[in-house]
Amino acid sequence: MIALNDKQYNCHIEVMVDVIGGKWKMLILWNLREGVRRFSELKRLIPGITQKMLTAQLRELERDEIILRKIFPQIPPKVEYSLTEYGQSLKSFIELTCELGKTHINYVRRH
């Protein structure tokens with residue numbers, strides 16, 4: 001058993017599924033892999049995500065120190081999101097996941 005942040009996990013994969021799993025987090029990370037994005041950019045780049053869900057997912061990724069939220073003191077407020085150093089370490093995994101998705105699509109279409 002693995003204890004982390006008041007949660008119990010059975011294995012390390014379960015930890016990562018909790019951190020980056022779900023429908024939206026990998027898409028957010030995919031869109032941050034090449035640099036800084038503003039909230040409105042992410043919303044536009046991820047069709048189907050609601051403002052509420054994007055906000056919640058960004059907060060979770062920030063809590064887990066995968067992304068950085070930078071607030072600029074101006075009116076209207078400007079907020080930028082980027083990968084942290086730790087988040088940068090996930091780039092190869094994110095890109096491999098995309099390649100595996102392409103491979104799976106080709107496999108299913110052939111069979």
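Two strands are taken to pair if DSSP finds at least two bridges between them. Helices (H or I, at least four residues) and strands (E, at least two) are DSSP runs, numbered from the N terminus. The structure is a predicted model, in which local features need pLDDT of at least 70 and side-chain atom pairs count only at pLDDT 80 or more, while totals for chains, interfaces and linings use all residues. Residues are numbered from 1 along each chain as its sequence is written, and side-chain values use heavy atoms, with hydrogens and water left out.

In strand 5, Lys78 is the bridge partner of Phe72. Strands 4 and 5 are antiparallel and share 6 bridges; a hairpin of 5 residues connects them. Strand 5 (residues 78–83) is also joined to strand 3 by 2 bridges, again in the antiparallel sense, and Arg37 has Tyr81 of strand 5 as its bridge partner. The resulting open sheet has 3 strands in the order 3-5-4. Its edges are strand 3 (37–38) and strand 4 (67–72), each of which pairs on one side only. Helix 2 (residues 25–32) packs on this sheet and touches strands 3, 4 and 5, contact meaning heavy atoms within 4.5 Å.

The largest nonpolar core (buried Ala, Val, Leu, Ile, Met, Phe, Trp, Tyr and Cys residues joined through side-chain atoms within 4.5 Å; buried, under 20% relative accessible area with a 1.4 Å probe, protein chains only) contains 22 residues, of which Leu29, Ile66 and Ile67 touch the most other members. Helix 2 supplies the largest share, 4 residues. Beyond four places in sequence, Leu29 touches Ile20, Leu61, Ile66, Ile67, Leu83 and Ile94.

Technical notes:
Axes are lines fitted to C-alpha atoms, for helices over the stretch in contact, and angles run from 0 to 180 degrees between N-to-C directions. Buried means under 20% relative accessible area, exposed over 50%, partly exposed in between (1.4 Å probe, protein chains only).
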